[in-house]
Amino acid sequence: MLKAGRQAVSLHVINCRAVASFNLNGRTVTVDVSGDMPLLWALRDHLFLTGTKYGCGIALCGACTVHMDGIAVRSCRINTAAAEGRAITTIEGLSGNGEDEVHPVQQAWIDEQVPQCGYCQPGMVMAAAALLAENPSPSDEDINSQITNICRCGTYPRIRRAIHAAAKSMAAAEES
Ligand code: FES
Ligand code: FES
């Protein structure tokens, strides 16, 4: 009985591994990890994209925010297996493929000098970009209610200013 039990456990461990293929920043990648590994760790430790940060691990702080099919998600609570066949964008891929390209949200972050320590900022930028894709002209209330990421340095006023600035520059680019 004990032997059978051990076999069952070992099969379970084998079955936990999963090969996940998904589009990451515009190119197809495959990772061979435990299927329930949080996507955050697959991105950081297996695909070596360390812009996405670990803060709380319980979907509260937003430091780990990435886009999944254009929607902001907290990668610390998304299993890697759930990324199968999806389009994942990290801070490294937000601006597109050109090295000199800067996303309007990133440009606004630079212009408004938003970051202090910087740790939360990749997640903030990803959350802001997803918000503006959904709502091109958000009010302060929209920003407050929809950007729930936490900044321990308290850069919230500059974040709001930068989101409004990015909204304006994106609207101007649309018109031209
Ligand atoms: S690390 Fe994912 S929400 Fe905090
Ligand atoms: S800039 Fe330091 S945590 Fe946000």
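User: What makes a residue of helix H4 count as buried?

Analyst: A residue is buried if 20 or more other C-beta atoms, placed from the backbone, lie within 10 Å of its own, exposed if 12 or fewer do, and partly exposed in between. In H4, residues that meet this cut-off include Gln121, Pro122, Gly123 and Met124, and twelve of its 14 residues are buried, so H4 is called mostly covered. This is a predicted model, in which local features need pLDDT of at least 70 and side-chain atom pairs count only at 80 or more, while totals for chains, interfaces and linings use all residues. Residues are numbered from 1 along each chain as its sequence is written, with chains lettered from A and ligands numbered from 1 in the order in which they are written.

User: How do you know that the span of H4 is close to the expected one?

Analyst: The expected span is 1.5 Å times one less than the number of residues; H4 (residues 121-134) has 14 residues and reaches 20 Å from its first C-alpha to its last, close to the 20 Å expected.

User: Why are strands S3 and S4 called paired?

Analyst: Two strands pair if DSSP finds at least two bridges between them, and four bridges join S3 (residues 65-68) to S4 (residues 71-74), so the antiparallel strands qualify. His67 stands opposite Ala72 in S4, and the hairpin has two residues between its strands, with Asp69 in the turn showing a positive phi of about 50°.

User: Which strand do the buried residues of helix H2 pack against?

Analyst: The buried residues of H2 pack against strand S2 (27-34), where contact requires C-beta atoms, placed from the backbone, within 7 Å.

Technical notes. Contact = placed C-beta atoms within 7 Å.
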